[in-house]
Amino acid sequence: MAERALFENFLSCHVCSETFRDPVSLTCNHSFCSSCLQQFWEQTKNKNCPVCKRKSSKDRPDVNFALKELADSFSGRKKPGSSETEKRDTELTVVCSKHEEVPKLFCVDEQRAVCPVCDFSLHQSHKVVPVEEAVSDLKEQLKFDLKSLQDKRNKYKQVEETYNEVIQHSKKQLLSTERQIRAEFNKLQQFLKEEEESRLAALREEEEQKGRTISREMKMIEEQISSLSDSISAVEEELQKHSVPFLSSYKDTQSRARAQSSVSDPQLVSGALIDVAKHLGNLSFRVWEKMKEKVHFSPVILDPNTASGWLYLSDDLTSVRHGDTKQQLPDNLERNTKYVTVFGSEGFSSGKHSWEVQVGDDPDWNMGLVKESVDRKGECPASTKYGRWCLMHRSGKYINGVGQTVTVKKSLQRIRVQLDYDRGEVSFYDPEDMTHICTHRDTFTEKLFPYFHIFKAGDAKTSLIKIFQTEI
C-alpha cells in the first residue's frame with residue numbers, strides 16, 4: 001500500500017490529480033497531462049506553470065515518453081497482447097500529423113521522438129540517437145529511479161519493523177518495571193508496617209508498666225486508709241468511755257494514733273501519664289532516619305535503553321555483566337549496537353560529579369565519560385578524539401584515552417571517576433588511598449554521560465561491574 005501511494009503521488013497530474021495521460025514536462029520540472037495543461041493555459045490566458053507560475057518557453061511542450069510509459073504501466077492502460085494496447089502503441093509511433101512514419105530517431109536535447117521526414121532537419125544541431133538506444137538509456141534511468149524508490153521503501157520498512165520491536169519490548173518493560181516498583185514499595189511498606197507495630201508495642205508496654213506502678217501505689221494507699229480508719233474508730237470509741245475505764249486505756253490508744261499520724265503524707269509518683277511527646281514527637285522524621293539505614297543512593301543509574309544486547313543489567317540498574325547469549329532488543333535510536341556498551345541514564349553539562357566502580361578481577365573493561373552525540377551504531381574508537389574520555393584495562397595493562405599505558409602500583413579492584421565539567425577535566429583514582437591514575441583535559445561543549453564497555457569475563461571470579469552505592 002505504501003509503495004502504491006508513493007507511485008501514485010509521483011505519477012499524478014497537478015491539475016486533474018489523476019494518473020498522467022500523455023504527460024508533458026516544463027523546464028521547471030513540473031509535469032502535467034498535455035490536455036490539462038493546454039486547458040489551464042486557455043483559461044488563464046498565459047503560459048505559466050500551474051504550480052510555480054514560471055513562464056513556459058514552449059507553447060506546446062513535448063510529451064515525456066519515459067514518464068508516459070511509467071504512468072500507462074502503473075494505471076493499467078498498457079497491457080501486453082491486448083488489441084487496444086496495440087492500437088495505442090501504433091498511434092504512439094506517429095510523431096507528426098503529416099507523416100505516419102515509425103520514429104527511428106530520438107532527440108536527447110528535447111527529449112522526444114523525431115519525425116524522419118519533416119522534423120529531422122530541425123534537430124541537426126541537437127544530439128539525436130536511435131530510438132532503440134534512447135529507450136535503452138531511458139529504461140536504465142528509470143531502473144535507477146525504481147531502485148531508489150525500492151531502497152527508500154526498504155528503509156521505511158526497516159523503521160516500521162524497529163517500531164514494532166519497540167512496541168513489543170515496551171510491553172515487556174512495562175510488566176517488568178511494574179513488578180520491580182511493586183517489589184520496592186512492598187519492602188518499604190513492610191518496613192513501615194514493622195516500624196508501626198514496634199512503636200505501638202512500645203506505647204502499650206509503657207502504658208502497662210505505668211499501670212502496674214499506679215496499681216502498686218494505689219494498693220499501698222488503700223492499706224494506709226484502712227489502717228487509719230481502724231485507728232480513727234479506736235480513738236472515737238475511747239472518747240466514749242468515762243472516768244476510770246478511760247484513764248486505764250487512753251494511753252495505748254493515744255500512742256497508736258500518734259504513731260500513725262507521724263507517717264509521711266502520701267505523694268503522687270512522677271511520670272504517671274504516658275509520655276505522648278516521646279511517641280509522637282518528630283515521628284515521621286525519626287522513622288525516616290531509621291529508614292536511611294536500609295536505603296542507599298547510587299550516583300549513576302544505568303540506562304537499559306542504551307545497553308548492547310550482550311549486556312545484562314541488575315534489577316536496580318547499578319551493575320552489569322557480559323552475558324553468554326545476545327538478547328533480542330529493538331534497535332532504537334539510543335541503543336549501542338556496534339560495541340558492548342551501556343550509558344548512564346543521566347548526563348552532565350555542568351558542575352562536579354564522581355562515582356566509584358567495582359571491577360574486581362574482571363580482565364577487560366573500559367569506562368569513563370562519553371559525549372551525547374557519539375556514534376552508537378558505527379565505528380567509534382575509545383579515544384578523546386571521538387568524544388570518549390576513558391580508562392581502559394586490557395591484557396593486564398591500564399590505558400588512557402589517548403592510547404598511553406599508565407602505571408599503577410597494584411591491580412585495582414575499584415576505580416573512582418571524577419568529572420569537573422566547568423574546568424574540562426575527567427580524572428581516575430584508586431579510591432582506597434586516592435592515588436591519581438590519569439586525567440584528561442578538554443573543552444566540553446555538550447552533555448556527557450557515564451559509560452561502561454564490558455568484555456567477556458572469562459575465568460574471572462568477578463563478572464559484575466558494579467557502581468558503589470552511598471549511604472544517605
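Below is a friendly conversation about how the descriptive terms apply to this predicted model.

User: How do you know which features of this model can be described, and how are residues numbered?

Analyst: This is a predicted model, in which local features need pLDDT of at least 70 and side-chain atom pairs count only at pLDDT 80 or more, while totals for chains, interfaces and linings use all residues. Residues are numbered from 1 along each chain as its sequence is written, and side-chain values use heavy atoms, with hydrogens and water left out.

User: Thanks! What makes a stretch count as a helix or a strand, and how many of each does the protein chain have?

Analyst: Both are DSSP runs numbered from the N terminus: helices are H or I with at least four residues, and strands are E with at least two. By that rule the protein chain has eight helices and 20 strands.

User: Why is Ile-467 called buried or exposed, and what about Asp-22?

Analyst: Buried means under 20% relative accessible area, exposed means over 50%, and partly exposed is in between (1.4 Å probe, protein chains only). Ile-467 has a relative accessible area of 2%, so the residue is buried. Asp-22 has 33%, so that residue is partly exposed. Across the 472 residues of the protein chain, 31% count as buried.

User: Where is Ile-467, and which residues does it touch?

Analyst: Ile-467 sits in strand 19. A contact means heavy atoms within 4.5 Å. Not counting residues up to four places away in sequence, Ile-467 touches Ser-298, Pro-299, Val-300, Leu-302, Thr-318, Glu-356, Val-357 and Phe-452. Ser-298 is 169 residues apart from Ile-467 along the chain, and their C-alpha atoms are separated by 7.1 Å.

User: What makes a group of residues a nonpolar core, and which members of the largest one touch the most others?

Analyst: A nonpolar core is a set of buried Ala, Val, Leu, Ile, Met, Phe, Trp, Tyr and Cys residues joined through side-chain atoms within 4.5 Å. The largest such core has 33 residues, and Leu-391, Ile-415 and Phe-452 touch the most other members. Strands that each supply at least two residues of this core include strand 10 (352-358), strand 12 (388-394), strand 15 (414-420) and strand 18 (448-454). Leaving aside neighbours within four places in sequence, the contacts of Phe-452 include Val-300, Val-340, Trp-355, Met-367, Ile-465 and Ile-467. There is also a second, separate core of 17 residues, which includes Phe-20, Leu-26, Cys-33 and Leu-70.

User: Which residues of helix 2 and helix 3 are buried?

Analyst: In helix 2, the buried residues are Cys-36, Leu-37, Gln-38, Phe-40 and Trp-41. Strand 1 and strand 2 (31-33) are among what covers them. In helix 3 (residues 65-75), Leu-67, Lys-68, Leu-70, Ala-71, Asp-72 and Phe-74 are buried.

User: Why is the pair of helix 5 and helix 6 called roughly antiparallel?

Analyst: Two packed helices are described by the angle between their axes and the distance between the axes. The axes are lines fitted to C-alpha atoms, for helices over the stretch in contact, and angles run from 0 to 180 degrees between N-to-C directions. Angles under 35 degrees count as roughly parallel, over 145 as roughly antiparallel, 65 to 115 as roughly perpendicular and the rest as oblique. The axes of helix 5 (residues 131-239) and helix 6 (residues 243-261) come within 10 Å and cross at roughly 155°. Helix 5 and helix 6 are therefore roughly antiparallel. Residues making the contact include Leu-228 and Val-235 of helix 5, with Phe-246 and Tyr-250 of helix 6.

User: And what makes helix 5 oblique to helix 8?

Analyst: The axes of helix 5 and helix 8 (residues 283-292) come within 11 Å and cross at roughly 125°. That value belongs to none of the other three classes, so helix 5 is oblique to helix 8. Among the residues making the contact are Leu-188 and Phe-191 of helix 5, and Val-287 and Met-291 of helix 8.

User: Which residues have a positive phi?

Analyst: Among them is Asp-22, with a phi of about 50° although it is not a glycine; Asp-22 lies in the loop between helix 1 (2-10) and strand 1 (23-25). Ser-243, in helix 6, has a positive phi near 35° and is also a residue other than glycine. Lys-45 follows helix 2 with a positive phi near 60°, and Gly-76, just after helix 3, takes a positive phi of about 85°.
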